[in-house]
Structures are given as C-alpha cells and as structure tokens.
Amino acid sequence: MATRLNAGRVQALLFHRQRALLREIGREVGADVLFLKAAWSDAVLFGAHGARTGSDLDVLISPGRFEAFAAALEQRGFRRYEPATHRATIEWGSKEWTYSHPGPWIPVDLHRALAEAPWFDLDPAAVFSRARDWPAGDETIRSLGTEDQLLYAALHYANHLYEIDARHADDVIRLLARETLDWPLVFREASRGGMRLALQIFLEHLRAWGIDVPPTPWELQPWMQLRRRIIGRWIDVGSSLGRRRPMGRRSGVLLERPVLSDRWGGLPGWALRYAALRALDRVLR
C-alpha cells in the first residue's frame, strides 16, 4: 500500500508539471485545453495526493486546433503511437491520438472528441462552451463542466463496452457530493447524442452506491426497457458496472453497441467507415 501511495504522489507531481507544459503548448498554438479523468480529478477531487492514479494524461483540444497542438507536442519529443497496420485508422478514424516520450513525461492521450462515432456524440464545441476552471490548491485546472463530467463518464464506459475499472465512476461519485447538476441539460444532451441507455445504465450504477440521482425521462418506455434487459445479460449494471461475461472487441461492437446506441444508422455507418479505413490501412502499409 505504501509503495502504491508513493508512486501516486510521484504521479501527482508529474501531472502538475505536465499540465504546465500542455498549457504552454495550448497558448503557443491558440488551443483551449481541457484536462480529463485523473489529470483533473486527482488534484480537484482527491487533493493532489496521488490517490487517483491514471495510466496516462488525457486532454481534450478545442475544435480546429487539434492537429496544430499535435505538431507542437511532437516538436517537444513526443511520438504518436501508430502501428504500421492501422495508419489510416489512427489518422482519420480515432477520436484520440496516444503519445509517449523517452524522457520523464507521462504518456498523453490527445482527444479531439469524447464519443465513439457514429454510435454516440457529445459536441466538442458545446463542451468547450460549458467548460469550467476548477480550483485545486494554488492551481486552476480547466476541465469539463459538471454536467459534461457525468456525460463523459457514462460515455467512457459505453465506449469501452464496460471493460474498465471503477475509477472514473468514483470521480463522479465524489463530484456529485459537492456539485449540483442541471439535469434537464444532462437529459437533453444524452438524447441528442444517442446515449440515453448509456446514461441510464450509469445512473443506475450511481444509485446502487447510494447516490441520489433522478430517473431518466425514458426509463419506462417499452423499447428502452427491452434494450435495458438485453444489455443486462452482458453487463452487471449494479454496484460493479462490469461485464457478466467476456466478449471479443469486434463481437461487442456488432452485438452490444447497436443496443447501447439510440442511433438506428450506427451499425451500417460503422461498417462503412470501418471498411473504408481498413482499405486505406492496407494502401498505407
């Protein structure tokens, strides 16, 4: 335990140092930078003691400045993870690019979007319009607004088909203990972004931990109840928010994502996009 805490404190110091670097790059290229997940929550919600660890540092870059920010990051010695077999998929199909550095820097997940297209959507321009500066001791950390923190957590689990641990959900539990939400805004954005069931599942998880959150306006709709029963065969929606049974990534995309997403065109849209990108991957190999 002591070793984990010491490692966490080291990471907290590295987060602090690296946030300064990424803000500097943002000013250089005229980009707004929002810190996500542990890069935000360790300092804002956990007191920067290293209790909230992360495997990388996640940031969302304002629309139109993503490529410029990426180029400036590479000028500082960061290198993008780009397997030779998936060059086109990473370049044009990925919502984030992952960077590593040979020196004492934490890997960076550079996001241009938060949602896995075409299944879900959380408009980056709207997200930036609702962004907040969060106090964290002597530092101010720019991140998502309160409602978008909740929506992003619900999306994060759905994006990864519930194969991730509880850390992001724990962030939201801590957040809701100190913040009030505009619930009509949350429900409106979930409906617009095709993520009604993803949000409903996440709110059920919060209720299982004793958090007072309202029911969604659509929970009693017959079609939503059917989808909820189907997804419940694969996902434990209660206190664990984990998988009941394993499933391969491609099978999950073909079977679970069409149930999780409100968008009827999600599956054919994904199939066309996937085929085009994989064909380009072979050309660029």
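These are legends for four close-up views of a predicted model.

**View 1. The hairpin made by strand 6 and strand 7.** Strand 6 (residues 132–136) runs antiparallel to strand 7, and five bridges hold the pair together. At the turn end, Ala-136 has Glu-139 of strand 7 as its bridge partner. Two residues sit between the strands, and Gly-137 in that turn takes a positive phi of about 65°.

**View 2. The two faces of strand 7 (residues 139–143).** Side chains alternate here: Glu-139, Ile-141 and Ser-143 point to one face and are buried. Thr-140 and Arg-142 point to the other face and are not buried.

**View 3. Phe-35 in strand 1.** With a relative accessibility of 1%, Phe-35 falls under the 20% cut-off, so Phe-35 counts as buried. Phe-35 and Ile-141 are 106 residues apart in sequence, yet their C-alpha atoms are 7.1 Å apart in space. Setting aside neighbours within four places in sequence, the contacts of Phe-35 include Ile-141, Arg-142 and Ser-143, along with Leu-22, Trp-40 and Val-59.

**View 4. The largest nonpolar core, with 52 residues.** Leu-150, Tyr-162, Leu-199, Phe-202, Leu-206 and Leu-260 touch the most other members. Strand 1 and several helices, among them helix 7 (167–176) and helix 9 (196–208), each supply at least two residues. Helix 6 gives the most to this core, eight residues. Look at Leu-206: not counting residues up to four places away in sequence, Leu-206 touches Leu-150, Val-172, Ile-173, Leu-176, Ile-211 and Val-213. There's also a second, separate core of 35 residues, and Trp-40, Phe-46, Val-59 and Trp-134 are among them.

Terms used:
Residues numbered from 1 in each chain as written. Predicted model: local features only at pLDDT ≥ 70, side-chain atom pairs only at ≥ 80, totals over all residues. Heavy atoms only, no water. Buried < 20%, exposed > 50% of the residue type's maximum accessible area, 1.4 Å probe, protein only. Helix = DSSP H or I, 4+ residues; strand = E, 2+ residues; numbered from the N terminus. Pairing = 2+ DSSP bridges. Core = buried A, V, L, I, M, F, W, Y, C linked by side-chain atoms within 4.5 Å. Contact = heavy atoms within 4.5 Å.
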